[in-house]
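Here are my notes from a pass through this model, with the metal sites taken one at a time. Have the structure open while you read.

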Amino acid sequence: MPTLDNLQTAFNGESNARTKYLAFAKKADEEGYAQVASLFRAAAAAEEIHANNHASVIRKMGANPKADIAPPVPKSTRENLATAIQGETYERDVMYPAFIKEAETENNRQAVIMFGGALAAETEHARLYQQALDNLDQWRAGKRDFWICLVCGFTVAAAPADRCPVCKAPKEKFKIVN
Ligand code: FE2
Ligand code: FE2
């Protein structure tokens, strides 16, 4: 079933993204971009939620989630942000739209929801990374708070006023990562 393969691909991708972003966060801290480090940690937390969500559907389909983690090779924070934007953009524009289409064809409602949740978050990640890259000098000292929906991984830069716009979880389901 293509959707099972797609879930494995997504699980592998999210697991690797998480590892990569944590390494990028460390590098950003070393270079004095503490607020970029916060963003990388927030996105890493979101990717972990996506990975867990994909894993739960994989298990429900009777398979075992498998990830092959490549050791990350961090470069400068500027380059790491560009790499991150590239990855998020690919997931947003190519990977998740194709996976959603396939899951709809297979009538796999849960996969559609998980892929859709990831797509919404990756869109926001790409936007936030671009913002950081465009204003790198303003992303230095101190930490920056991000709010992560623990249900779907949605990531926002300000406290949510109401329910999660993606999965409709109550705002109490958001946690701050910085
Ligand atoms: Fe992401
Ligand atoms: Fe959510």
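1. Start with the iron ion (ligand 1): its protein donors are E47 (OE), E88 (OE), E88 (OE), E122 (OE) and H125 (ND1), at 1.9 to 2.4 Å. Bear in mind that this is a predicted model.

2. Along the chain, the donors of the iron ion (ligand 1) are spaced E-x40-E-x33-E-x2-H. Two of them bring distant parts of the chain together: E47 sits in helix α2 (residues 34-60) and H125 in helix α4 (residues 109-134), 78 residues apart.

3. Are E47 and H125 buried or exposed? E47 has 1% relative accessibility, so it counts as buried, the cut-off being under 20%. H125 is buried as well, with a relative accessible area of 1%.

4. Now the iron ion (ligand 2). Here the ligands are cysteine sulfurs: C149 (SG), C152 (SG), C164 (SG) and C167 (SG) coordinate the ion at 2.2 to 2.3 Å. The spacing of these donors along the chain reads C-x2-C-x11-C-x2-C.

5. What is the geometry at the iron ion (ligand 2)? The site is tetrahedral, with angles of 102 to 114 degrees among the 4 donor atoms. For reference, the ideal angle for four tetrahedral donors is 109.5 degrees. Of the cysteines, C149 and C152 are both buried.

6. Last, have a look at N53, which is in helix α2. Setting aside neighbours within four places in sequence, N53 touches M114, V151 and C152, and C152 is one of the donors to the iron ion (ligand 2). With a relative accessible area of 16%, N53 is buried.

Methods: Residues numbered from 1 in each chain as written. Chains lettered and ligands numbered in written order. Predicted model: local features only at pLDDT ≥ 70, side-chain atom pairs only at ≥ 80, totals over all residues. Heavy atoms only, no water. Donors = N, O, S within 2.8 Å, 3.2 Å for Na, K, Ca; no water. Tetrahedral: all angles 85-135°; square planar, octahedral: opposite > 155°, others 65-115°. Buried < 20%, exposed > 50% of the residue type's maximum accessible area, 1.4 Å probe, protein only. Helix = DSSP H or I, 4+ residues; strand = E, 2+ residues; numbered from the N terminus. Contact = heavy atoms within 4.5 Å.
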